[in-house]
Amino acid sequence: MSTNFIGLDTVKTQELSDALNDLLSNYQIFYMNVRGYHWNIKGENFFELHAKFEELYDDLLLKIDEVAERVLTLGHRPAHAYSTYIERSEVPERKDVHDGKTAVENIVESFAKLIGKQRELLHLAGDADDEGTSALMSDYISQQEKLVWMYRSYLGQ
């Protein structure tokens, strides 16, 4: 078995990096969607949702950076082109969303996709003895599960 400079199997870190780049692509599209919701929201809940969406996209931006840096830490290169993000993302690009309920429904749907991908990464990281990626994914999952509950409560679900 060949290991990289942090002692992890090079074949497994390639698989992890590919999955992290997939996650990165989904985060980037989700981030841009939420920016659009923030900019274009209208209606009676404007002030509440405008602020909430800003809080969310600020957090997504931090996670984007952490995921990209994790890919680098594993010895690989993070994806960095929007064409790649669009091609790889399962979170669909959303345009011209200005209704708060639709935006929140899209957010819940996007989190479901991210959480699923992060659970897959948690499994891959465990198999590779990659505690760094495991800890990151575990933290993201627990934070986002709570956000899903809150956004679903907002929707009355």
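Trainee: Which residue caps the N-terminal end of α5?

Mentor: Look for a side-chain oxygen close to a backbone nitrogen at the helix start. In this predicted model, Asp130 does the capping, with a side-chain oxygen 3.3 Å from the backbone nitrogen of Gly132. At the N-terminal end of α1, Asp9 is the cap, and its side-chain oxygen lies 2.8 Å from the backbone nitrogen of Val11.

Trainee: What should the 24 residues of helix α5 span?

Mentor: Take 1.5 Å a residue and you expect 34 Å for α5 (residues 131-154); the end C-alpha atoms sit 35 Å apart, so the two agree. Try α1 as well: its 31 residues reach 44 Å from first C-alpha to last, close to the expected 45 Å. Just after α5, look at Gly156, which takes a positive phi of about 80°.

Trainee: What do the buried residues of α5 pack against?

Mentor: They pack against α1, α2 (46-73) and α4 (100-127). The buried set in α5 includes Leu136, Met137, Tyr140, Ile141 and Leu147.

Trainee: How many residues of α1 are buried?

Mentor: 22 of the 31, so to read it plainly, α1 is mostly covered, buried being under 20% relative accessible area.

Trainee: Is Asn26 buried or exposed?

Mentor: Find Asn26 in helix α1, residues 10-40. Asn26 has a relative accessible area of 0%, so it counts as buried. The Asn26 side chain reaches the backbone nitrogen of Val91 at 3.0 Å. Setting aside neighbours within four places in sequence, Asn26 is in contact with Arg88, Ser89, Glu90, Val91, Leu114 and Lys117.

Notes
Residues are numbered from 1 along each chain as its sequence is written. This is a predicted model: local features need pLDDT of at least 70, side-chain atom pairs count only at pLDDT 80 or more; totals for chains, interfaces and linings use all residues. Side-chain values use heavy atoms; hydrogens and water are left out. Helices (H or I, at least four residues) and strands (E, at least two) are DSSP runs, numbered from the N terminus. Buried means under 20% relative accessible area, exposed over 50%, partly exposed in between (1.4 Å probe, protein chains only). A polar contact is a pair of N or O atoms within 3.5 Å; within protein, one must be able to donate a hydrogen and the other to accept it, and residues adjacent in sequence count only if both atoms are side-chain atoms. Contact means heavy atoms within 4.5 Å. The expected span of a helix is 1.5 Å times one less than its number of residues.
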